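Biologist: I should be grateful for a close look at a single part of this model. Please describe how one chain is built and how it meets its partner, in terms a first-year student can follow.

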Amino acid sequence: MFITMQEFPWAVIIIVLPLSGAMLSFLFPRWVKLLGVLVALSVVAAVVGLGWQVVEQGAQRYAIGGWGAPLGIDLYADGLSLLMLIVTALVCLGVSVYSTGYFNRAYFRRSKANYFWPLWMFLWAALNALFLSSDIFNLYVTLELLGLSAVALVALAGGADALTSAMRYLLVSLLGSLFYLLGVALLYHSFGSLDIVILSQQVEPSPAVWASVGLISIGLLLKTALFPMHFWLPPAHTSAPAPVSALLSALVVKASFYILLRMWLEIFPVGGTALGQLLGLLGSIAILWGGIQALRQTRLKMLIAYSTVAQLGYLFLAFPLGSYIAWKAVLFLLLSHALAKTAMFMAAGNILHFGGHDRIKDFDHVVQYQPLTSAAFALAGASIMGLPPSGGFIGKWLLLEAAIHSGQWWLVIIIIMGGLLAAAYVFKVIGYAFTQSRVSHQTRRVPVHMEWTALVLALAAILLGLAAPWPLALMDIGLPFGEGAAG
Amino acid sequence: MLLSEFLTSVLLLAGAFFFLAGTVGLLRFPDVYTRLHALTKADNVGLGLMVLGLALQAESWAVAGKLLLIWLLVLLSSASVAHLIAKAARQKGIEPWKQ
Amino acid sequence: MNTVYLYTMVGVGLFTLGLYALLIHSHLLRKILAINVMGSGVFLVLVALAAPTQGAVPDPVPHAMVITGIVVAVSATALALALVLRVRTETGRAELPEEPLE
Amino acid sequence: MEAISLLPLMTLLQLVFDTLLGFALLWLAWRALASPELFQAIVLFIAFGLLMALAWVRLDAPDVALAEAAIGAGLTGALLLATLARLEVKNRAKSELEKKHEVRVITEKSKHQTFFFLLRMLLFMVVATGLVYAVLTLPENTSGLAMPVLENLESSGVSNPVTAVLLNYRGYDTLLELSVLLLALLGVWSFGGIPKPYRSFPGPVLNMLSRLLIPLLIMVAGYLLWVGAHAPGGAFQGGSVLGAAGVLLLLVGWRLGTRFVGLPLRITLVFGVGIFVSAGVVFILLGRQFLEYPPSFAGVLILLIEAAATLSIGITLAALFLGGRPEFRRHK
């Protein structure tokens, strides 16, 4: 009524929509599926609205309650948060469509299935709030909202495995949050503000700042599952229901990485320091260790979960480089991994749903029975390996370029070896997809839209590579990674 | 003025003495029933004396009333809780100490 | 040593004590207690450093943050406790398996 | 003259008191985490929570003290005890083996474990020493945001600065925090299959107590909600007192009538967040920012939101205590 399109608060809408969706689907369990898809579509529309605003007018800042930082809480959207929101919207739309088939009565008790929707929409609201927040205490609250909903979703699968891994995940998540919160306390008492921008202007090295760097980093690295703090990830991501595994691997671990990235870019610039080298080293070990472990797995979902451990390692290779290109490369990898990993977990869910198991050796003509799912897995695998023209290829290419540019040849070797390992485990799965199993299995029909969703998301991961200039340009809005010329 | 301050001091000290006695009883008595006895009796009187002492210094009747209310509530809940604990102990089969 | 530093040190002490107990105990109920103690430690640091020195007003923002934190903590505790009961029903033990599932 | 000469004595006494309290806190925490019996551990933890409330009072944070006493010690303690009772109801005659499990400390011998154990210890040492050093070098008094909070108090609608921060300046945090509480309940319900609590036989005393206390508790909740605008108190403190009333009701065997278990209960649970979000969105439509209250209505609006939140918080906490989702059948 009184507001023009230019200043319509899309950022708020993006948070409020899934939050209201969660409440409505809790109130009216009968309508959950319809609500889920409707909310997903409208959030996508709102993200488009915000995207248009950001592209037209540059980075957006929105003062909730009209107070403005440091007294109030600000939302902030630049290229970095916009891209995170876009990929979240795509993945969540996919998950929404996929889940209408996955959580049907044949597979899940209805009472359980009904809880999926509100929990999942709370998770989405938490993700959107997290990517938009500019306030470090508000980030803590969103982290808790995210962690608790993720844990409840893992436990939804029921059974001893899912429950114990959910429990471990919960403890890790709470521990990580407390480390983060203590770091926030030290930062607040050093500079009297919680706003990232204000902090970045005032910050100067002191023991308290270093302590808070350490605390925040440990807390968030624990949540991001960087080697050797990855122990909780594979069981949790494996035993969760397939759409939840997809959400966890694609988005939830990235959320804590996003905060880390923001803090390190804006508050404590550590790119290129000794700490950065350490993170790069841990990332490299994660790539190799995760790859080798993935190769050793006999169950498909476990393999994909270890692949996540490895792929998360790549994200930390930017820290020893610390250059403009390296940051962009890592963000690009993050986006393409989110899409590809969602597709992979969905494909695994389809295979599991169809044959009732995910033992790789017992696959029975998967290609023949589920051609769309197999195609989705192969395409997503291509992006994970980094084959051209996928999104994964562009990301790795940029990362290689940055590594060569700075003369850090050991990183080049790690990147190539990681790619080879990824190729090995992806081909292992694809190889078995053609074989016949000696054991015959009871099979179940998989709804067609579950197969299509996986395929569309895998295609999106490939298309991301073809349309690379567009996201790369978006990343520069608001200059989250500094000036290009400086790098 | 001076008298009321003097009275307050005496009452507070007396209250503190009852608290001390109750705590010693809690630590030294042999079984759950006698400990409950020590705790509730002494603490209720102790708190009562403290409340009385503080009420003498209260700025208004409302504050004194609130203090009194606190004491009454504590009386009510500690009596009930003592009963419940003793009942639970009896149901668990803990015999009262005899010697 | 004034009040501010005293309580801040107690807060740090509680945090590390809780961390230690979280890592060494295997019973889940104890782990949850440990997390809560750690949380109290963090809250204490947050508020103690905001305590007024000589007559000034205390900073209310950390107070509000801690109230938020307390509510978040009780939510997480409730969820964790319910999960403990479920784990116990499914596995017969209120502990996590020593080795993560491979 | 007299007051001045007493001042050093008072500061000394306060310092002694603070030191004692600090040590008591550390000692209780340590005992709560190390005592052999789980029941004992929980009771010590509750005592720890109460002393924490005392520490908040000493730190001039009465709002936090109220929240800590009601939620941190009271409801968390009730939740812990209820869980323990349900863990033990499964096998009343606890085997010796399990008793050992309760205090078992992870001391596995395998190399893998030793490595991680050493890593943890190292982490622990680094954290402890580093933190102490960092805290000691902090500037002693940064006034933080006290000044802007007080300067804008006029237009915030309330005169208690903590309520102003919680419901107005940083109302968005509170909105998300209410969502966390709702989410926790949703999670608990989604687990399903939570064992029923140990059936209690309330007896005349508990019945009498509840009959006396519950109306009083509801009144106190209302009072705390009302007084929060200008003195310590507010939605969380009021809500948790209401939750305590709910817990007491559940303890004496009261259950929600079948008619109210479905949608009516769910509406009550969502009410707080729902009103909060709606209030925020309405102002967007009126051309203001999200959650930006007009100063002239702010007081009324905050009270309205807090009232809804108090109700939802109270019911949610009581429902969390009950554990699983309330059943449709009547118990008796």
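Modeller: In this predicted model, chain D reads along its sequence as α-α-α-α-α-α-α-α-α-α-α-α-α. Chain D accordingly has 13 helices and 0 strands. Of its 332 residues, 44% are buried. Among the contacts in chain D with a separation of 6 or more, 74% are accounted for by residues 24 or more positions apart.

We may now turn to the contact between chain D and chain C. Chain D contributes 74 residues to this contact, and chain C contributes 66 residues. On the side of chain D that touches chain C, at least two residues come from each of α1 (2-34), α2 (38-58), α3 (62-90), α4 (96-103), α5 (111-136), α6 (146-151), α7 (161-169) and α8 (171-191). The largest share, 14 residues, is supplied by α3(D). By character, the residues on this side of chain D comprise 48 nonpolar, 13 polar and 13 charged.

One residue of chain C deserves separate attention. Leaving aside neighbours within four places in sequence, C:Leu79 is in contact with D:Ala184, D:Gly187 and D:Val188 of chain D, and also with A:Leu148, A:Val151, A:Ala152 and A:Leu170 of chain A. C:Leu79 also belongs to the largest nonpolar core, which has 368 residues. The residues with the most contacts inside that core are C:Leu79 itself, C:Val47 and C:Leu83, together with A:Ile14, A:Val154, A:Leu339 and A:Ala343. As a general background, nonpolar side chains tend to be buried together in soluble globular proteins.

Notes:
Residues are numbered from 1 along each chain as its sequence is written. Chains are lettered from A and ligands numbered from 1 in the order in which they are written. This is a predicted model: local features need pLDDT of at least 70, side-chain atom pairs count only at pLDDT 80 or more; totals for chains, interfaces and linings use all residues. A nonpolar core is a set of buried Ala, Val, Leu, Ile, Met, Phe, Trp, Tyr and Cys residues joined through C-beta atoms within 7 Å. A residue is buried if 20 or more other C-beta atoms lie within 10 Å of its own, exposed if 12 or fewer, and partly exposed in between; C-beta atoms are placed from the backbone. Two residues are in contact if their C-beta atoms, placed from the backbone, lie within 7 Å. Helices (H or I, at least four residues) and strands (E, at least two) are DSSP runs, numbered from the N terminus. Ala, Val, Leu, Ile, Met, Phe, Trp, Tyr, Cys and Pro count as nonpolar, Asp, Glu, Lys and Arg as charged, and the others, Gly among them, as polar.
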